[in-house]
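This report describes the fold of a single protein chain for a reader who has not met it before. The sequence and the model are shown first, and the description follows.

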Amino acid sequence: MSTELTESAVPPPTNPPTDPSAESPSAPSRRTFIATTTAVGGAVVAGGLVAGSALPGATEAAAAEAPPSSRVSLTVNGERHTVTVDNRTSLLDLLREHLDLPGSKKGCNAGACGACTVLVGGRRVNSCLTLAVRLDGADVTTIEGLADGDQLHPLQKAFIEEDAFQCGYCTPGQIMSGVGCIQEGHAGSKDEIREWMSGNLCRCGCYVKIVRAVEQTAHGK
Ligand code: FES
Ligand code: FES
């Protein structure tokens with residue numbers, strides 16, 4: 001193989017600029033690159049980079065600042081809502097910050113405490129770990145939707161009768177989890193209730209009374 005061929009196949013090395021001021025003022029930053037790639041597609045950005053031309057300033061700034069968002073329609077406590085949210089919004093934040101339903105509590109915001117428990121399609125979920133945009137068409141029940149007007153749900157009554165709370169911060173999640181636990185058929189005994197509600201923590205240590213309230217409701221005592 002000739003030296004001539006090898007040399008012509010390898011482009012001459014180019015050194016990255018060491019002085020940022022030496023870059024073109026219109027060169028996209030890493031931040032704008034990522035934002036515009038997401039917003040308008042890689043081909044446009046790649047073309048801009050290769051050709052050395054940049055997006056117009058206003059368009060570039062708008063693309064960098066606007067996070068990807070989606071429109072989602074879901075039913076919460078029997079009421080239909082359609083909202084446009086940042087794709088990263090959790091169901092918990094959608095409920096608390098967009099729909100004015102602060103009953104579901106933010107404890108750990110990481111799936112470890114159960115304070116944010118709600119029902120989606122009748123099943124328990126940690127709303128802090130559930131992306132709102134995945135729930136298009138879903139049916140969500142929160143603590144605000146449990147009572148029938150002034151008529152409390154039997155488990156809400158049982159919590160009051162059993163004095164199953166102190167500070168009350170975990171209580172909405174405990175009650176929603178208890179409702180789910182009973183609906184799932186996992187409330188046959190105290191041990192079973194403890195097992196199936198082990199994801200709901202109570203810093204005040206009201207576990208004995210919480211289990212009693214769930215058992216009482218499950219067995220109509
Ligand atoms: S706030 Fe969701 S599990 Fe703790
Ligand atoms: S009642 Fe206080 S954390 Fe459960």
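From the N terminus on, the elements of this predicted model run α-α-α-α-β-β-α-β-β-β-α-α-α-α. The chain thus has nine helices and five strands. Of its 221 residues, 31% are buried. Among contacts between residues at least 6 apart in sequence, 57% join residues at least 24 apart.

**The sheet**

The five strands form an open sheet in the order 2-1-5-3-4, and their pairing is mixed. Strand 2 and strand 4 are the edge strands, each pairing on one side only. On average, and with direction ignored, neighbouring strands of the sheet are turned by 40° against each other.

Strand 3 and strand 4 pair in the antiparallel sense over four bridges. The two strands form a hairpin with two residues between them. In the turn, G121 has a positive phi of about 60°. Along the pairing, V118 has V125 of strand 4 as its bridge partner, while V120 stands opposite R123 in strand 4. In a regular strand, side chains alternate between the two faces of the sheet.

**Helices against the sheet**

Helix 7 lies across strand 3 and strand 4 and runs at about 35° to strand 3. Helix 5 has L91, L92, L94 and L95 as buried residues. The cover over the buried residues of helix 5 includes strand 2, an edge strand of the sheet. Helix 5 is followed by D100, whose phi is positive, near 55°.

The residue ranges of several of these elements are listed below.

| Element | Residues |
|---|---|
| Strand 2 | 79-86 |
| Helix 5 | 91-98 |
| Strand 3 | 117-120 |
| Strand 4 | 123-126 |
| Helix 6 | 154-161 |
| Helix 7 | 171-183 |
| Helix 9 | 207-218 |

**A pair of packed helices**

Two packed helices are described by the angle between their axes and the distance between the axes. Helix 6 and helix 9 pack at an angle of about 135°, with their axes 9 Å apart. Angles that are neither under 35 degrees, over 145 nor from 65 to 115 count as oblique, and helix 6 and helix 9 are therefore oblique to each other. Their crossing is right-handed. Helix 6 contributes P154, L155, A158 and F159 to the contact, and helix 9 contributes A213, V214, Q216 and T217. By class, this contact of helix 6 with helix 9 has six nonpolar residues, two polar residues and no charged residues.

Conventions:
Residues are numbered from 1 along each chain as its sequence is written. Chains are lettered from A and ligands numbered from 1 in the order in which they are written. This is a predicted model: local features need pLDDT of at least 70, side-chain atom pairs count only at pLDDT 80 or more; totals for chains, interfaces and linings use all residues. Two strands pair if DSSP finds at least two bridges between them. A residue is buried if 20 or more other C-beta atoms lie within 10 Å of its own, exposed if 12 or fewer, and partly exposed in between; C-beta atoms are placed from the backbone. Two residues are in contact if their C-beta atoms, placed from the backbone, lie within 7 Å. Axes are lines fitted to C-alpha atoms, for helices over the stretch in contact, and angles run from 0 to 180 degrees between N-to-C directions. A crossing is left-handed if the near helix is turned anticlockwise from the far one by less than a right angle, and right-handed if clockwise. Ala, Val, Leu, Ile, Met, Phe, Trp, Tyr, Cys and Pro count as nonpolar, Asp, Glu, Lys and Arg as charged, and the others, Gly among them, as polar.
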